[in-house]
Amino acid sequence: MIWSLIDKTSKEDFTRCFLMDWDEHDAKIHLKLKNPACKEFYERLKIIFPKNDLQLIDFIKNSDLLRREDGLPYNYNTVRNALTRNRISKRSEELEAVFAPFS
């Protein structure tokens with residue numbers, strides 16, 4: 001599973017992170033994604049919700065809501081620079097399935 005709902009991120013926290021102002025909650029999303037897949041997650045989020053003006057730096061660094069599976073924050077520069085040969089990650093099919101209900 002892309003995000004760890006059972007282990008570290010409840011469904012309620014996941015929802016709070018996207019529907020509430022960042023200062024109104026202390027919820028975190030723990031993603032089981034390496035840097036290229038994390039970047040692809042963000043890019044798919046931007047495509048599915050084009051009116052959202054959330055920048056990558058806000059999503060990863062300034063919001064402080066994303067965590068790696070081990071609980072540590074993602075490194076913004078590492079995610080920003082994460083490129084794959086064909087612009088998709090190894091988790092691309094899973095990410096596509098996560099966002100499919102919204103397309």
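**Close-up views of two pockets and an aromatic pair**

**View 1. The largest pocket holds about 430 Å³ of space.** This is a predicted model, where local features need pLDDT of at least 70, side-chain atom pairs count only at pLDDT 80 or more, and totals for chains, interfaces and linings use all residues. Residues are numbered from 1 along each chain as its sequence is written, and side-chain values use heavy atoms, leaving out hydrogens and water. Of the 20 lining residues, Phe-14, Phe-18, Leu-45, Phe-49 and Phe-102 lie nearest the centre. Helix H1 (11–19) gives the largest share of this lining, 6 residues. The lining divides into 17 nonpolar, 2 polar and 1 charged.

**View 2. The second largest pocket has a volume of about 310 Å³.** Its lining has 16 residues, with Leu-33, Lys-34, Asn-35, Pro-36 and Ala-37 nearest the centre. Here the split is 6 nonpolar, 3 polar and 7 charged.

*Terms for these views:* on a 1 Å grid over the protein atoms alone, a pocket is an open set of points where a 1.4 Å probe fits, with protein on both sides within 12 Å along at least five of seven lines; lining residues have an atom within 4 Å of a point. A volume is the space filled by probe spheres set on the points.

**View 3. Tyr-42 and Phe-59 form a tilted aromatic pair.** Their rings are 5.8 Å apart, centre to centre, with 35° between the planes; rings pair if their centres lie within 6.5 Å, and tilted covers what is neither stacked (under 30 degrees) nor edge-to-face (over 60). Tyr-42 is buried at 9% relative accessibility, and Phe-59 is buried at 1% (buried means under 20% relative accessible area, 1.4 Å probe, protein chains only).

Terms used. Helix = DSSP H or I, 4+ residues; strand = E, 2+ residues; numbered from the N terminus. Nonpolar A, V, L, I, M, F, W, Y, C, P; charged D, E, K, R; others polar. Phe/Tyr/Trp six-rings, centres within 6.5 Å; stacked < 30°, edge-to-face > 60°. Buried < 20%, exposed > 50% of the residue type's maximum accessible area, 1.4 Å probe, protein only.
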